[in-house]
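Could you walk me through this structure in my viewer, one selection at a time? I am new to this and would like to know what to click on and what I will find there.

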Amino acid sequence: MSLEFSPENQEKIQTLLDRYPDKRSTTLPVLHIAQAQFGTLTPEVINLVADAIDQESMHVRDTISFYTMFHTKERGKYHLQVCHTLSCSLRGSEQVVDHLYERLNFDENGMTADKQFSIEKVECLGACGTAPVVQINNDYYENLTIERLDEIIDKLQAS
Amino acid sequence: MDYEPILTQNVHKENSRSIATYEQSGGYSALRKVFKEMSPAEVVDEVKASNLRGRGGAGFPTGVKWSFVPKNTGKPTYLIMNADESEPGTFKDRLLMSKDPHMVVEGQIISSFAIGCELSFIYIRGEFYEEAQILEAAIEEAREKGYLGKNILGSGFNHDIIVHRGAGAYICGEETGLIESLEGKRGWPRIKPPFPAVEGYLQSPTIVNNVETLANVPHIITRGAEWFKNIGPEKSPGPKLYCLSGDVENPGVYEHAMGYPLKDLIYKDGGGIWKGRELKAVIPGGSSVPVLTADEIDINMDFDSVAAAGSMLGSAATMVIDDTACMVDALSNLTKFYAHESCGQCTPCREGSPWMMRIVRRIENGDGEPNDLDMLLDIGTAIQQKTICPFGDAAMTPVTTFVQKFRDEFEYHIEHKKCMVSRQKLMPQVA
């Protein structure tokens, strides 16, 4: 089975290639597109990206390995990224993590059995004034309390 | 005299993001003025005369930086707005981008005109997905109004802006790491010289400026360098966004003139230390700058005053630590950040950052040894100024200054195998 970008994404990639002064500079944006479509950057997806922007797949692989937001392993449908750098830590990020672990049964890889949720402690998310903060997929949830955290998880579980 | 907000004048308005709101407050009039009355060189001179200094942390004079762009190289010139905002404690640029994206975009267009750049980038940290979308929408609105595209407002100047998302790497806030990342590679900083102004993105002249820096530019154009210079101290003037986080009642972004007293920021704007506790320590400019003790906070927040007090204004990211927090625990947290974020290019930083983390962690865990503190200071010396970029110094500075200024807590920890102070787990429960 060969992978393909959706027609919409093919168009997006073409626009990027037209706008950027060189093809290699489109590596990050095209990886973001690929990850949004396929979820995980598997070797097949990496080859697809490399072909789309006319680069060696080794280059794409090297780039992926540097950045925390690119994932080569499967994540949950909702990826919970709990900021735990100083300002968040002072305001209770550890309790956020503890509560999530208590409430959702993560395995040793930080994934729930139904693959709905995965968890990762991340470094400063740049929202220290509204700490503690969790980023779930693309969205920030700020000024967390245990109550609010439960509401968020309830809502995601119901969806 | 009450300070009149400049950078945040629109953020509390309804529909603050829309071009209509921005134009009602005089937005894009600076752009019109530039095209009507000014040459690129005159824009550079005005910004130089204003003494605007870079708000990303280094405080380098913006107009001087622009004047390093060589003329007639036959290559395109690029402007990159640094919206990587990753220094722990910093969240000011996010406010501007999410609430008043047009101020940022107008600053970008005028600055691009000044340095002769037809294609510019906003390099925004990957986590700021929503802000990237807001900027894209603002750019689209600006294009529809004719502020972007070909022959803008009949000036003959063409310009386009690309919003480029990073993908999670602190080091990409360092300008040459950022450029490498924009080129699609790992964000490994480059050896300088050559400086980016001469050889940057795709080996072309490139200027990298912080978001807040560029947001100041339209105001300098509209109201003049003289007006700007009269806000705050002469050598470090202008409006400033201060980030306040940690153990205060009211964390947030507060705008004041440069040189605003740190005490006022914490006790007036921030409402003081939360839960009725006492102040123990303040990190005034982001996690990479020297920590201040409670006795050292009687300072003004501008580049020169904070430097004179032995720390740095940095990104004006003030992190407050109260007297129930263990400084070993706090440092353990910060060393973990640097160990995680070291890009791995230079040996002293790649090896030293995790080594410092392991030592601080073992002290925190009650396994510290008497010579650990001296070893931490030695490792700091072995990293300091021995790396390609300032990250090495950023990683060792909190270690050295925490150990120097709070040595008693570290020694207590090693001797008694526990914290000198301990705080309850702090998750705020809703009453």
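## A tour in selections

Welcome! Keep in mind as you click that this is a predicted model.

Let us begin inside chain B. Select domain 2 and domain 3 of chain B: their centres, taken over C-alpha atoms, are 23 Å apart. Where the two touch, domain 2 of chain B gives 8 residues and domain 3 of chain B gives 10 residues. Colour the domain 2 side of this contact by class, and you will find 5 nonpolar residues, 3 polar ones and no charged ones. To see how the whole chain is split up, colour residues 19–229 of chain B as domain 1, 239–322 as domain 2 and 327–416 as domain 3.

**Chain B as a whole**

Now show all of chain B as a cartoon. Its secondary structure comes to 16 helices and 11 strands. Turn it around: the C-alpha atoms fill a box of roughly 75 × 45 × 40 Å along the principal axes. How does the radius of gyration of chain B fit that of a compact globule? A compact globule of 431 residues would have a radius of gyration near 22 Å, and chain B has 22 Å, so the two agree. Colour by burial next, and 57% of the 431 residues in chain B come out as buried. Contacts also reach along the sequence: of those in chain B with a separation of 6 or more, 70% are between residues 24 or more positions apart.

**A sheet in chain B**

Hide the rest and keep five strands of chain B. They form an open sheet in the order β6-β5-β11-β8-β9, with mixed pairing. The edge strands are β6 and β9 (292–293) of chain B, and each of them pairs on one side only. Strands of a sheet pair through backbone hydrogen bonds, in either a parallel or an antiparallel way.

Click on β11(B), and then look at its partners:

- β5(B) runs parallel to β11(B), and 4 bridges join them. Within this part of the sheet, B:L244 has B:T318 of β11(B) as its bridge partner.
- β8 (residues 279–283) of chain B pairs with β11(B) in the antiparallel sense, over 4 bridges. Select B:V282 and you will see B:V320 of β11(B) standing opposite. Select B:L279 as well, whose bridge partner in β11(B) is B:D322.

Stay with β11(B) for one more look. Is this strand enclosed or open to the outside? All of its residues, 6 of the 6, are buried, so β11(B) is largely enclosed by the rest of the structure. In a regular strand, the side chains alternate between the two faces of the sheet. Here B:A317, B:M319 and B:I321 lie on one side, B:T318, B:V320 and B:D322 lie on the other, and all are buried, which leaves both faces covered.

**Over to chain A**

Now bring chain A into view. Count along the cartoon and you should reach 7 helices and 4 strands. Following the sequence, the pattern in chain A reads α-α-α-α-β-α-α-β-β-β-α. The C-alpha atoms of chain A fill a box of roughly 50 × 35 × 25 Å, again along the principal axes. Of the 159 residues of chain A, 40% count as buried.

Colour residues 7–66 of chain A as domain 1 and 78–158 as domain 2. The centres of these two domains of chain A are 29 Å apart, taken over C-alpha atoms.

**A core to pick out**

Which residues have the most contacts inside the largest nonpolar core? They are A:V49, B:I80 and B:I110, in a core of 169 residues. Zoom in on A:V49: leaving aside neighbours within four places in sequence, A:V49 is in contact with A:V30, A:L31, A:A34 and A:V60.

**Where the chains meet**

For the last stop, show both chains together. Their contact takes 52 residues from chain B and 41 residues from chain A. On the side of chain B that touches chain A, the elements giving two or more residues include β3 (160–165), α8 (175–182) and α12 (327–341) of chain B. Select α12(B) to see the largest share of that side, 6 residues. Finally, colour the side of chain B that touches chain A by class: 24 residues are nonpolar, 17 are polar and 11 are charged.

Terms used
Residues numbered from 1 in each chain as written. Chains lettered and ligands numbered in written order. Predicted model: local features only at pLDDT ≥ 70, side-chain atom pairs only at ≥ 80, totals over all residues. Contact = placed C-beta atoms within 7 Å. Nonpolar A, V, L, I, M, F, W, Y, C, P; charged D, E, K, R; others polar. Domains from an automatic or database assignment. Pairing = 2+ DSSP bridges. Core = buried A, V, L, I, M, F, W, Y, C linked by C-beta atoms within 7 Å. Buried ≥ 20, exposed ≤ 12 C-beta atoms within 10 Å, placed from the backbone. Rg over C-alpha atoms; globule rule 2.2 N^0.38 Å.
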